[in-house]
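Got your viewer open? Load the model and keep the selection box handy; we'll go stop by stop.

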Amino acid sequence: MAMVSMPFSVPGLNSPNLRPTKRYSGMAFATSNKEAVSLGVKITQGEGNLPKLVLTSDGGSEAEVYLFGGCITSWKVPSGRDLLFVRPDAVFDKKKPISGGIPHCFPQFGPGTMQQHGFARNMDWSLVESENVEGNPIVTLELKDGPYSRAMWDFSFQARYKVILNTKSISTELIVTNTDNKPFSFSTALHTYFRASITGVSVRGLKGCKTLNKDPDPKNPIEGREERDAITFPGFVDCIYLNAPEELHLDNGLGDVISIRNTNWSDTVLWNPHLQMEACYKDFVCVENAKIGTVQLEPEQAWIAKQHLSIG
Ligand SMILES: O=P(O)(O)OC[C@H]1O[C@@H](O)[C@H](O)[C@@H](O)[C@@H]1O
């Protein structure tokens with residue numbers, strides 16, 4: 001497939017993090033719109049003037065992705081309903097990670113030696129590729145080590161994150177490559193905040209999994225086994241499910257059943273803070289595809305994991 005590099009400029013958005021390589025895949029390129037990177041992908045100024053990609057599919061779905069944190073903050077299905085949730089206390093000033101959407105936890109899920117959930121959600125990712133396949137926009141973001149990450153984790157790495165929006169789904173593919181000359185290991189997660197009505201929420205598919213319950217002490221989780229077909233959220237929940245299946249179903253209590261499929265994200269985390277976040281706990285649930293046991297990569301080795309969220 002041909003790759004075409006083009007100079008790119010958007011007023012107020014000139015940044016080394018915006019250097020997309022367009023790939024032409026079946027659809028014409030929208031040359032008339034300066035802010036369009038490829039058909040169905042625009043770069044805009046989001047909250048706090050942070051660069052935000054807006055993806056629009058021919059089928060009527062829409063997604064928003066901030067380069068800061070490589071964070072998908074919105075996934076609207078054709079009905080216009082946003083199935084993701086951004087907390088009301090989220091800030092867009094780069095002083096904190098964006099609290100909501102699909103933040104990255106990398107290279108540590110935590111708790112651990114560095115800040116909770118690692119540094120990837122606190123760094124600017126770059127847009128490196130944008131394409132459109134049969135009306136469906138695709139962007140690829142990249143994160144590499146820099147002084148900020150090196151101070152916490154002294155390794156050279158590359159993370160590539162592809163986001164694919166279809167009419168009824170949003171898929172991601174994360175590839176972490178060891179670009180160092182020594183091995184490294186990491187844990188990681190996609191900390192997805194789903195919009196929900198918590199009293200009506202249930203998660204199915206985890207029955208039989210070994211659990212590590214982080215309540216009451218995240219540093220000393222209690223081992224157990226899940227016995228319920230449908231997990232509900234009547235109070236505080238913070239629990240890791242090891243060797244989770246490749247598909248879960250989330251009933252968000254708002255009329256949507258979301259299929260959460262994965263490849264190679266071996267574990268799941270369920271989290272709802274209940275009264276610890278009194279202002280918003282009723283409005284979301286986190287169902288996180290995670291890799292809790294560390295991944296070890298030798299130099300030049302890569303690890304790949306996919307997530308596929310869809311509605312029926
Ligand atoms: O960093 P955030 O978005 O506030 O999320 C924090 C929570 O993230 C969850 O993944 C953890 O299991 C919780 O222990 C933690 O409290």
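Before clicking, one definition: two strands pair if DSSP finds at least two bridges between them. Also keep in mind that this is a predicted model.

**Whole chain.** Show everything as a cartoon first. The secondary structure comes to 1 helix and 24 strands. Of the 312 residues, 42% count as buried. Among contacts with a separation of 6 or more, 62% link residues 24 or more positions apart.

**Strands β9, β10 and β11.** Select residues 136-144, which is β10. In this strand 7 of the 9 residues are buried, so the rest of the structure largely encloses it. Now add β9 (residues 126-133), which runs antiparallel to β10 and is joined to it by 7 bridges. One pair to pick out is S130 with its bridge partner V139 in β10. The two strands make a hairpin with 2 residues between them, and E134 in the turn has a positive phi of about 50°. Next, add residues 157-165 for β11; 7 bridges join it to β10, and again the two run antiparallel. Here, L143 has A159 in β11 as its bridge partner.

**The core.** V139 is worth keeping selected, as it is listed with V65, V163, F194, V285 and V287 as having the most contacts inside the largest nonpolar core, a set of 74 residues. In soluble globular proteins, nonpolar side chains tend to be buried together. Jump to F194: beyond its neighbours within four places in sequence, its contacts include L83, L84, F85, I258, V285 and V287.

**Annotated site.** Which positions does UniProt mark as "active site"? The record, an unreviewed entry, gives H191 and E288. They span 98 residues in sequence, yet their C-alpha atoms are no more than 4.8 Å apart, so they gather at one spot.

Start with H191, in the loop between β13 (184-190) and β14 (193-195). Buried or exposed? The cut-off for buried is 20 or more other C-beta atoms within 10 Å, and H191 has 24 such neighbours, so it counts as buried. Leaving out residues up to four places away in sequence, H191 touches I102, P103, C105, H117, C286 and E288.

Then take E288, in strand β23 (residues 284-297). E288 is buried too, with 23 C-beta neighbours inside 10 Å. Its contacts beyond four places in sequence include A189, T268, V269 and W271, along with H191.

**Ligand.** Finally, select the residues around the ligand: S99, H117, H191, K214, P218, D238, V269, W271 and E288. Color them by class and you get 3 nonpolar, 3 polar and 3 charged residues.

Methods. Residues are numbered from 1 along each chain as its sequence is written. This is a predicted model: local features need pLDDT of at least 70, side-chain atom pairs count only at pLDDT 80 or more; totals for chains, interfaces and linings use all residues. A residue is near a molecule or strand if its C-beta atom, placed from the backbone, lies within 6 Å of it. Ala, Val, Leu, Ile, Met, Phe, Trp, Tyr, Cys and Pro count as nonpolar, Asp, Glu, Lys and Arg as charged, and the others, Gly among them, as polar. A nonpolar core is a set of buried Ala, Val, Leu, Ile, Met, Phe, Trp, Tyr and Cys residues joined through C-beta atoms within 7 Å. A residue is buried if 20 or more other C-beta atoms lie within 10 Å of its own, exposed if 12 or fewer, and partly exposed in between; C-beta atoms are placed from the backbone. Two residues are in contact if their C-beta atoms, placed from the backbone, lie within 7 Å. Helices (H or I, at least four residues) and strands (E, at least two) are DSSP runs, numbered from the N terminus. UniProt positions are given in the numbering used here, feature names are shortened, and annotations may be inferred rather than shown by experiment.
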